[in-house]
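These are my notes from a session with one structure. I looked up a few things in turn and wrote down what I found.

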Amino acid sequence: MDLTIMQYFEWHSPDDGEHWNHLSKEAAKIKGQGFDAVWLPPPTKADHPSNPGYAAYDVYDLGEFDQKGSVRTKYGTKEQLQNAINACRETGLLVYLDLVMNHKAGGDEKETFKVVEVKEDDREEEIREPFDIEGYTYFDFPGRQGKHSDFKWNFNLFTGVDYDAKEERNGIFRIMGEDKDWSDNVDAEHGNYDYLMYADINYAHPEVQEEMIRWGKWLSDELDADGYRIDAAKHIDSNFIKRFIDEVAEHAGRDIYFFGEYWNPSLEANEDFLDDVSFDIDVFDVRLHYNFYTAGLEKETYNLTQIFDGSMVAENPSNAVTFVDNHDTQPGESLESFVADWFKQPAYSLILLRQDGYPCVFYGDYHGISGDHKVDGKRDEIDVLLDIRKKLAHGNQKDYFDHPDTIGWIRFGGEHTTGSGCAVVISNGLEEGFKKMHVGEIRTGEKWVDHTGNRADEITIDEEGNGVFYADSQSVSVYGKKMD
Ligand code: CA
């Protein structure tokens, strides 16, 4: 069966500590809407109760200890999280957790250590002689009192920081030490992209590796998730990621699904990473997202035949998680590149109705976005596609990507599903578009209608098994056999 993920949060999900409770109540409904898995936000304690979780403070605090202003995380307590996971399990929803392993935020105490300052856009270029700074690199988690782990962090276990408390100055400061440097096994942007933010974890240190793997196994014991999303994967030593995947999966003793945020639209960079980790992980199709973004902006001047160009799903389909938008690309956030309103439904058809890719629907697209940049959800528009995905979008696929303004494809239907199969047409032109496509001679005489409801045509499949299918200007239509 073709599975579908829901990203069950947006950046401005309420910080009232009710998110896990909300999931408990909604789990059965989410499953009923056609989702098979939920990707949850980081379960670990951040540096502030309102932080979405990416400013990770203590990975052993799942909302259990009074630290950083509250017992709960932004999303609730550990017990509420466990209840939510149980509710998902009872209804058959898979649970994927977001793991923030690149950095730590909100250090408990300052330390003094020697650094070399490097250039923001070239981290291999040193711009000053080494000097001493004060950084928040000491973590002893006083609120947890050594429960679950007595490991304490100090500056030796980090590669760099971005704040000098002594001079009250920001910069990128590489922490000096014997044989210590940025990792070689990270993305190559900015000379070396090991450093992203906060105190960057030094995975070259054997004690760090042991501790983080011990944590991964502990987390698997505590929550028994079905999968994990590795946040900021391009900034983490890929050899460590490989080791983490192997050891945590072996410890769990069952299939664990790993997917990673390798935020680089370059196919080559993604494939180098996949090669490093023996293809044991899927990656978000970042290039496809940017293609959607560009298509949305350029409207009728975009050449739709290029929509899959350079994408992971085209080149490496078995490792691609396809998505339209996420919590970082939504308006006002760090990677803002929100797909245009008119192109949302066409973009969702391009991930939900295809043979390849593991599609992920964004909470913000489905239910809407709150905060300063409010956006209405498109639940009805996405629901019809989820329904078509389950009922019609089966079997082999044939593409008709032959006109810059109008593209289409056929799903021929599954062998054992009567009446399945569909014809999809997307147009970005200023006028309606149409496409003559072959759906099969055995379909001759069938009446096909647009199940999205966007068009009212009734198309009769001709004697040769062809149909002429229309889409409105800047819209999508999905035809399938008329249901009685
Ligand atoms: Ca790093």
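The entries below go from the metal site to the core, a helix, ring pairs and some single residues.

**Entry 1: the model**

I noted before anything else that this is a predicted model.

**Entry 2: the calcium ion**

I asked which residues coordinate the calcium ion. I found Asn102 (OD1), Asp194 (O), Asp194 (OD), Asp200 (OD), Asp200 (OD) and His235 (O), at 2.3 to 2.9 Å. Asp194 gives a backbone O as well as an OD atom, and Asp200 is listed with OD twice. Along the chain I wrote the spacing of the donors as N-x91-D-x5-D-x34-H. I then looked at the angles. The six donor atoms subtend angles of 49 to 164 degrees around the ion, so I recorded the arrangement as irregular. I also checked burial for two of the ligands: Asp194 and Asp200 are both buried.

**Entry 3: the nonpolar cores**

I reminded myself of a general point: in soluble globular proteins, nonpolar side chains tend to be buried together. Next I looked for such groups here. How many residues does the largest nonpolar core have? It has 123, and those with the most contacts inside it are Met101, Trp153, Trp215, Ile230, Phe244, Phe292 and Phe343. Helix H3, residues 206-223, contributes the most to this core, with seven residues. Apart from this core I found another one of 12 residues, which includes Val425, Val439, Ile461 and Ala471.

I picked Phe244 for a closer look. Leaving aside residues up to four places away in sequence, Phe244 touches Leu99, Met101, Met212, Ile213, Trp215, Gly216, Ile230, Ala249 and Phe258.

**Entry 4: helix H6**

I checked the length of helix H6, residues 286-298. At 1.5 Å a residue, its 13 residues should span 18 Å, and the end C-alpha atoms are 18 Å apart, so the two agree. The buried residues I listed in H6 are Val286, Leu288, His289, Asn291, Phe292, Ala295 and Gly296. What covers them includes strand E15 (282-284), helix H7 (312-315), strand E16 (320-323) and helix H8 (344-352). After H6 comes Lys299, and I noted that its phi is positive, near 45 degrees.

**Entry 5: aromatic pairs**

I searched the whole structure for aromatic pairs and got 38. I wrote up two of them.

The rings of Phe35 and Tyr366 have centres 5.6 Å apart and planes at 80 degrees, so I put this pair down as edge-to-face. Phe35 sits in the loop between helix H1 (19-32) and strand E2 (37-40), while Tyr366 is in helix H9 (residues 363-366), 331 residues apart. Both Phe35 and Tyr366 are buried.

For Trp39 and Phe259 the ring centres are 6.1 Å apart and the planes are at 90 degrees, so this pair is edge-to-face too. Trp39 lies in strand E2 and Phe259 in strand E14 (residues 257-260), so the pair ties together parts that are 220 residues apart in sequence. Trp39 is buried at 1% relative accessible area, and Phe259 is buried at 0%.

I followed the ring pairs outward as well. They link Phe9, Trp39, Tyr96, Tyr257, Phe259, Trp263, Phe284, Tyr290, Phe323 and Tyr358 into a cluster.

**Entry 6: two buried strand residues**

I found Pro359 in strand E17 (residues 358-362). Pro359 is buried, with a relative accessible area of 0%. Not counting residues up to four places away in sequence, Pro359 touches Leu3, Thr4, Ile5, Thr322, Ile351, Leu352 and Arg389. I also took the separation of Pro359 and Gly429: 70 residues in sequence and 26 Å in space, C-alpha to C-alpha.

Ser427 is in strand E22 (residues 422-427). At 1% relative accessibility, I counted Ser427 as buried.

**Entry 7: positive phi**

Most residues other than glycine have a negative phi. I therefore noted the exceptions I came across. Tyr198 has a positive phi of about 50 degrees. Tyr198 is in the loop between strand E11 (169-175) and strand E12 (199-201). Is Tyr198 buried or partly exposed? At a relative accessible area of 31%, Tyr198 is partly exposed.

Gln474 also has a positive phi of about 50 degrees. Gln474 is in the loop between strand E26 (466-471) and strand E27 (475-481). At 17% relative accessibility, Gln474 counts as buried.

Note on methods. Residues are numbered from 1 along each chain as its sequence is written. Side-chain values use heavy atoms; hydrogens and water are left out. A nonpolar core is a set of buried Ala, Val, Leu, Ile, Met, Phe, Trp, Tyr and Cys residues joined through side-chain atoms within 4.5 Å. Buried means under 20% relative accessible area, exposed over 50%, partly exposed in between (1.4 Å probe, protein chains only). Helices (H or I, at least four residues) and strands (E, at least two) are DSSP runs, numbered from the N terminus. Contact means heavy atoms within 4.5 Å. Donors are N, O and S atoms within 2.8 Å of the metal (3.2 Å for Na, K and Ca); water is not among the atoms, so sites may look incomplete. Four donors count as tetrahedral if all angles lie between 85 and 135 degrees; four count as square planar and six as octahedral if opposite donors are over 155 degrees apart and all others between 65 and 115; anything else is irregular. The expected span of a helix is 1.5 Å times one less than its number of residues. Rings of Phe, Tyr and Trp (its six-membered ring) pair if their centres lie within 6.5 Å; planes under 30 degrees apart count as stacked, over 60 as edge-to-face and the rest as tilted.
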